[in-house]
Amino acid sequence: MPMFDYLAQNLWLVWTLVSLLCLILELTSGDFFVMCFAIGGIFTALLSPFVDSLTIQIITFSVCSVLSIIFVRPVMLKYFHRHDKNRVSNADALIGREGRITEPIEGNGFGRVQIDGDYWKARSVDGVAIAYGQEVRIISRDSIIVTVEKLSIN
């Protein structure tokens with residue numbers, strides 16, 4: 001129980017750890033949403049040495065996080081993504097990427113393509129067969145099936 005007593009007496013440390021964890025999680029997303037919770041944690045960590053009530057600290061965390069989502073996040077998105085007119089994410093980011101055929105695509109049939117370690121069901125754009133190992137470019141995506149074209153060899 002001495003650890004819980006220590007944490008209860010030093011809640012600023014808990015809020016600091018919450019903020020650091022949120023900042024680390026923000027590195028995986030890049031949409032500045034989790035960062036708003038880190039801001040709430042920082043404000044609460046600064047307040048906690050002066051206020052003993054956990055309820056007030058939780059309210060402070062919540063209010064600061066919501067205010068950050070409303071006021072800080074739009075500014076950050078506008079500043080850091082100002083050159084991204086049509087920012088694609090997830091599977092839509094595959095379009096234009098290059099990969100290698102891992103299962104041959106039969107004429108008007110399906111095969112598999114590897115892109116950055118992920119395997120996708122694929123078909124060729126013009127319905128011709130594409131051999132194993134051929135380099136291809138993703139030109140479109142329909143659900144979990146990508147349409148590919150052969151890369152020209154120069």
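A salt bridge here is a side-chain nitrogen of Lys or Arg within 4 Å of a carboxyl oxygen of Asp or Glu. The exercises below concern a predicted model.

**Exercise 1. Find which residues are joined into one network by salt bridges that share partners, and state where each of them lies.**

Step 1. Start from Arg137 and Glu149, which form a salt bridge whose closest N and O atoms are 3.5 Å apart. This pair links distant parts of the chain, since Arg137 belongs to strand β4 and Glu149 to strand β5, 12 residues apart.

Step 2. Turn to Glu98, which forms a salt bridge with Arg137, the closest N and O atoms being 3.3 Å apart. Glu98 lies in strand β1 and Arg137 in strand β4, so this pair ties together parts that are 39 residues apart in sequence.

Step 3. Consider how far the three side chains are covered, remembering that partly exposed residues fall between the buried limit of under 20% and the exposed limit of over 50%. Glu98 is partly exposed because its relative accessibility is 44%, Arg137 is partly exposed with a relative accessible area of 29%, and Glu149 is partly exposed with 28%.

Step 4. Combine the pairs: the salt bridges share partners and join Glu98, Arg137 and Glu149 into one network.

**Exercise 2. Locate the salt bridge formed by Arg97 and decide whether its partner is buried or exposed.**

Step 1. The partner of Arg97 is Asp116, and the closest N and O atoms of the two are 2.1 Å apart. This pair also links distant parts of the chain, with Arg97 in the loop between α4 and β1 and Asp116 in the loop between β2 and β3, 19 residues apart.

Step 2. Asp116 has a relative accessible area of 60% and therefore counts as exposed, while Arg97, with 33%, is partly exposed.

Step 3. Asp116 has a further feature, in that it sits in the turn of the hairpin formed by β2 and β3, which has 2 residues between the strands, and its phi is positive at about 50°.

Step 4. For the overall tally, the count comes to 4 salt bridges by the rule given at the start.

**Exercise 3. Work out in which order the strands close into a barrel, and how neighbouring strands are paired.**

Step 1. The protein chain has 4 helices and 5 strands, and along the sequence they follow the pattern α-α-α-α-β-β-β-β-β.

Step 2. The 5 strands close into a barrel in the order β1-β2-β3-β5-β4, with mixed pairing. Neighbouring strands of this sheet are turned by 55° against each other on average, direction ignored.

Step 3. Take the antiparallel pairs: β1 and β2 are joined by 3 bridges, with Arg100 standing opposite Gln114 in β2, and β2 and β3 are joined by 5 bridges, with Trp120 in β3 as the bridge partner of Val113.

Step 4. Strands β3 (residues 118-124) and β5 (residues 145-150) run parallel and are joined by 4 bridges, and Ala122 stands opposite Val146 in β5.

Step 5. Examine the two faces of β2, where Gly111, Val113 and Ile115 make up the covered face, whereas Arg112 and Gln114 make up the uncovered one.

Step 6. Two loop residues complete this part: Asn108, in the loop between β1 and β2, has a positive phi near 55° although it is not glycine, and Ser143, in the loop between β4 and β5, has a positive phi near 60°.

**Exercise 4. Identify which residues form the nonpolar patch on the surface, and consider the overall dimensions of the chain.**

Step 1. The patch consists of Ile59, Val63, Val66, Leu67, Ile70 and Phe71, which together have about 570 Å² of accessible area.

Step 2. Leu67 is found in helix α4 (residues 54-80), and Phe71 is also placed in helix α4. Leu67 is partly exposed because its relative accessibility is 41%, while Phe71, at 57%, counts as exposed.

Step 3. From Phe71, look to Cys36, 35 residues away along the chain: the C-alpha atoms of the two are separated by 9.7 Å.

Step 4. For the whole chain, the radius of gyration is 25 Å, whereas a compact globule of 154 residues would have one near 15 Å. The C-alpha atoms fill a box of roughly 70 × 40 × 30 Å along the principal axes, and buried residues make up 29% of the 154 residues.

Terms used. Residues numbered from 1 in each chain as written. Predicted model: local features only at pLDDT ≥ 70, side-chain atom pairs only at ≥ 80, totals over all residues. Heavy atoms only, no water. Patch = residues over 30% accessible without salt bridge, like charges linked within 9 Å, V, L, I, M, F, W, Y side chains within 5 Å. Areas by Shrake-Rupley, 256 points an atom, 1.4 Å probe, with all protein chains shown as cover. Buried < 20%, exposed > 50% of the residue type's maximum accessible area, 1.4 Å probe, protein only. Pairing = 2+ DSSP bridges. Axes fitted to C-alpha atoms, helices over the stretch in contact; angles between N-to-C directions. Rg over C-alpha atoms; globule rule 2.2 N^0.38 Å.
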